[in-house]
Amino acid sequence: MSESGSDSGPDSGAALRLENLERCFVQGGVELPILRGASLTLMPGEIIALTGPSGAGKSTLLHIAGLLEKPDAGEVIVNGQKCSHLNDLERTSLRRSELGFVYQFHHLLPEFTALENIVLPQMIAGVAKAAARDRAKTLLGLVGLDKRAGHRPAELSGGEQQRVAIARALANNPRILLADEPTGNLDEQTAARVFEFLQQAVESSGVAALIATHNIDLAARMDRRVRLHEGVLEAV
């Protein structure tokens with residue numbers, strides 16, 4: 001069964017709608033279809049686990065959902081706005097205001113403290129430094145790291161670094177959080193703890209979250225689980 005929402009219009013209240021996405025790559029003159037009509041509706045405050053084997057196209061799907069890559073066909077609708085005809089500047093603006101990203105590798109800036117890593121994206125978006133610092137402190141408290149605000153990434157554990165990355169992703173109050181194997185490099189106990197903080201952050205902010213993971217235990221704790229199989233999203 002393909003996964004889609006019950007409402008057909010872009011104004012259904014969904015934070016994110018993916019409609020019949022298609023994506024094909026060409027390698028050595030051979031076409032490799034990755035997405036074959038993948039559809040999904042993600043509502044505010046909902047956490048969906050995106051599962052599937054390595055190479056199934058989960059990262060490609062997230063890149064398209066996050067407006068980092070364009071599909072060959074289909075539509076991405078962010079907060080009711082269709083994105084297929086947006087130019088690069090418009091896509092960047094929408095991505096900055098509506099989307100937050102967490103990757104398997106935290107990508108924190110090593111020369112800046114945990115607090116500064118969360119302040120910077122806000123200042124780039126035009127937030128005053130004092131207000132950005134206040135929000136960064138709040139977010140660090142939300143992920144249990146308020147006492148580590150002055151530490152640089154090298155002084156933090158892997159789990160702490162990833163929690164800073166989660167806080168950074170939420171810095172500009174996005175409506176949608178996309179995460180690609182956010183606990184993939186962590187041991188089982190640390191992964192569970194990081195997910196707890198992620199879950200708390202989503203619940204407190206009302207953000208809609210789509211999280212790609214191979215961790216079936218964590219996937220089972222999310223609101224819904226979908227599997228990418230032969231280019232189509234299926235409800236699990």
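Contact here means that heavy atoms lie within 4.5 Å. The legends below describe a predicted model.

**View 1. Contacts around Leu177 in the predicted model.** Not counting residues up to four places away in sequence, Leu177 touches Gly100, Phe101, Val102, Ala169, Leu170, Leu198, Val202, Val207, Ala208, Ala209 and Leu210.

**View 2. The largest nonpolar core, comprising 39 residues.** Within this core, the residues with the most contacts are Ile118, Leu140, Val164, Leu177 and Ile211. Two or more residues each are contributed by strand 3 (47-51), strand 7 (176-180) and strand 8 (208-212), and likewise by helix 3 (114-124), helix 4 (129-142), helix 5 (158-169), helix 6 (188-205) and helix 7 (216-220). Helix 6 gives the most to the core, namely 7 residues. A second core, separate from this one, holds 31 residues, including Ile34, Ile48, Phe101 and Leu233. In soluble globular proteins, nonpolar side chains tend to be buried together.

**View 3. The open sheet of 6 strands.** The strands are arranged in the order 6-7-8-3-9-10, and their pairing is mixed. Strand 6 (99-102) and strand 10 (232-235) occupy the edges; each has a single partner strand, so one side of each is left without a neighbour in the sheet. From one strand to the next, the twist averages 20 degrees. Strand 3 and strand 9 (residues 224-229) run parallel and are joined by 4 bridges. Ala49 stands opposite Arg225 in strand 9. Helix 1 packs on this sheet, where it touches strand 3, strand 6, strand 7, strand 8, strand 9 and strand 10. The direction of helix 1 makes about 155 degrees with that of strand 7. Helix 2 (residues 88-98) also packs on the sheet, touching strand 6 and strand 7, and its direction makes about 75 degrees with that of strand 6.

**View 4. The open sheet of 4 strands.** Here the order is 2-1-4-5 and the pairing is antiparallel. The edges are formed by strand 2 (30-42) and strand 5 (81-82); each has a single partner strand, so one side of each is left without a neighbour in the sheet. Strand 1 (residues 16-27) pairs with strand 2 in the antiparallel sense over 10 bridges. In this pairing, Glu22 stands opposite Arg36 in strand 2. Helix 1 (residues 58-65) packs on the sheet and touches strand 1, strand 2 and strand 4 (73-78). The direction of helix 1 makes about 125 degrees with that of strand 1.

**View 5. Salt bridges of Arg23 with Glu69 and Asp72.** Side chains of opposite charge can pair when their charged atoms come close. Between Glu69 and Arg23, the closest N and O atoms are 2.8 Å apart. This pair links distant parts of the chain, 46 residues apart: Glu69 lies in the loop between helix 1 and strand 4, and Arg23 lies in strand 1. Glu69 has a relative accessible area of 18% and is therefore buried, the cut-off being under 20%. Arg23, with a relative accessible area of 16%, is likewise buried. In the salt bridge between Arg23 and Asp72, the closest N and O atoms are 3.2 Å apart. This second pair also links distant parts of the chain, from Arg23 in strand 1 to Asp72 in the loop between helix 1 and strand 4, 49 residues apart. Asp72 counts as partly exposed, at 47% relative accessibility.

**View 6. The salt bridge between Glu234 and Arg227.** The closest N and O atoms of this pair are 3.0 Å apart. Glu234 is buried, with a relative accessible area of 17%, whereas Arg227 counts as partly exposed at 36% relative accessibility. Elsewhere, salt bridges that share partners join Arg23, Glu69 and Asp72 into one network. The count of salt bridges comes to 6.

**View 7. Confidence along the chain.** The protein chain averages a pLDDT of 87, and 95% of the residues score at least 70. Over residues 1-11, the pLDDT is below 50. Beyond near neighbours in sequence, this stretch has 24 contacts in the model.

Methods:
Residues numbered from 1 in each chain as written. Predicted model: local features only at pLDDT ≥ 70, side-chain atom pairs only at ≥ 80, totals over all residues. Heavy atoms only, no water. Pairing = 2+ DSSP bridges. Axes fitted to C-alpha atoms, helices over the stretch in contact; angles between N-to-C directions. pLDDT = per-residue confidence, 0-100. Core = buried A, V, L, I, M, F, W, Y, C linked by side-chain atoms within 4.5 Å. Buried < 20%, exposed > 50% of the residue type's maximum accessible area, 1.4 Å probe, protein only. Salt bridge = Lys/Arg side-chain N within 4 Å of Asp/Glu carboxyl O.
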